[in-house]
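Biologist: Please take one part of this model and go through it closely. I would like to know what it packs against and how that fits with the rest of the chain.

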Amino acid sequence: MFDDPREELVGTKLRIAEAALDSLRTLGYAGSSARAIARAGGFNQALIFYHFGGIRELLLAAFDLVSD
């Protein structure tokens, strides 16, 4: 029916999206900055902008992982 978002998010992109979900769970939307997400995932925050272009795009991709 719908494509699995994990098929498009692999490797580093998947790891970043999962870190964004962790950050959202623990810090909420307001606390989920690029710095907080990078800290949660253990990577440089520049990777967020390289792979997603910005926080908005990353959060939308992360929400796709958990919505059906």
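Modeller: Helix axes here are lines fitted to C-alpha atoms over the stretch in contact, and angles between N-to-C directions run from 0 to 180 degrees. The model is predicted, so local features need pLDDT of at least 70 and side-chain atom pairs count only at pLDDT 80 or more, while totals for chains, interfaces and linings use all residues. Residues are numbered from 1 along each chain as its sequence is written, and side-chain values use heavy atoms, with hydrogens and water left out.

The part I will take is helix H2, residues 11–31. The chain has five helices and zero strands (DSSP runs, H or I of at least four residues for a helix, E of at least two for a strand, numbered from the N terminus). Read along the sequence, the order is α-α-α-α-α.

H2 packs against helix H3, residues 34–41, with the two axes 8 Å apart and at an angle of about 125°. H2 is therefore oblique to H3 (under 35 degrees is roughly parallel, over 145 roughly antiparallel, 65 to 115 roughly perpendicular, the rest oblique). On the H2 side, the residues in contact (heavy atoms within 4.5 Å) are Arg 15, Ile 16, Ala 19, Ala 20, Ser 23, Leu 27 and Gly 31. On the H3 side they are Ala 36, Ile 37, Ala 40 and Gly 41. By class, the residues of this contact are seven nonpolar, three polar and one charged (Ala, Val, Leu, Ile, Met, Phe, Trp, Tyr, Cys and Pro count as nonpolar, Asp, Glu, Lys and Arg as charged, the others, including Gly, as polar).

One of the H2 residues in this contact is Ser 23. Ser 23 is buried, at a relative accessible area of 1% (buried is under 20%, exposed over 50%, partly exposed in between, with a 1.4 Å probe and protein chains only). Its C-alpha is 5.7 Å from that of Ile 37, although 14 residues separate the two in sequence. Once neighbours within four places are set aside, Ser 23 touches Gly 28, Gly 31, Ser 32, Ala 36 and Ile 37.

Ile 37 is also one of the buried residues of H3, along with Ala 34, Ala 36 and Ala 38. The buried residues of H3 pack against H2, against helix H4 (46–52) and against helix H5 (55–66). After H3 comes Gly 42, with a positive phi near 70°. Gly 42 sits in the loop between H3 and H4 and is exposed, with a relative accessible area of 59%. The C-alpha atoms of Gly 42 and Ile 16 are 9.3 Å apart, across 26 residues of sequence.

H2 has another partner in H5, where the axes come within 9 Å and cross at roughly 90°. H2 and H5 are therefore roughly perpendicular. H2 brings Leu 14, Ile 16, Ala 17, Glu 18, Ala 20, Leu 21, Leu 24 and Tyr 29 to this contact. H5 meets them with Leu 58, Leu 59, Ala 62, Phe 63, Leu 65 and Val 66. Here the classes come to 13 nonpolar, no polar and one charged. Ile 16 and Ala 20 of H2 appear in the contact with H3 and in the contact with H5.

Ala 61, which lies in H5, counts as buried at 13% relative accessibility. From Ala 61 to Leu 14 the C-alpha distance is 9.1 Å, with their positions 47 residues apart in sequence.

For the chain as a whole, buried residues are 34% of the 68. Among contacts with a separation of 6 or more, 49% join residues 24 or more positions apart.
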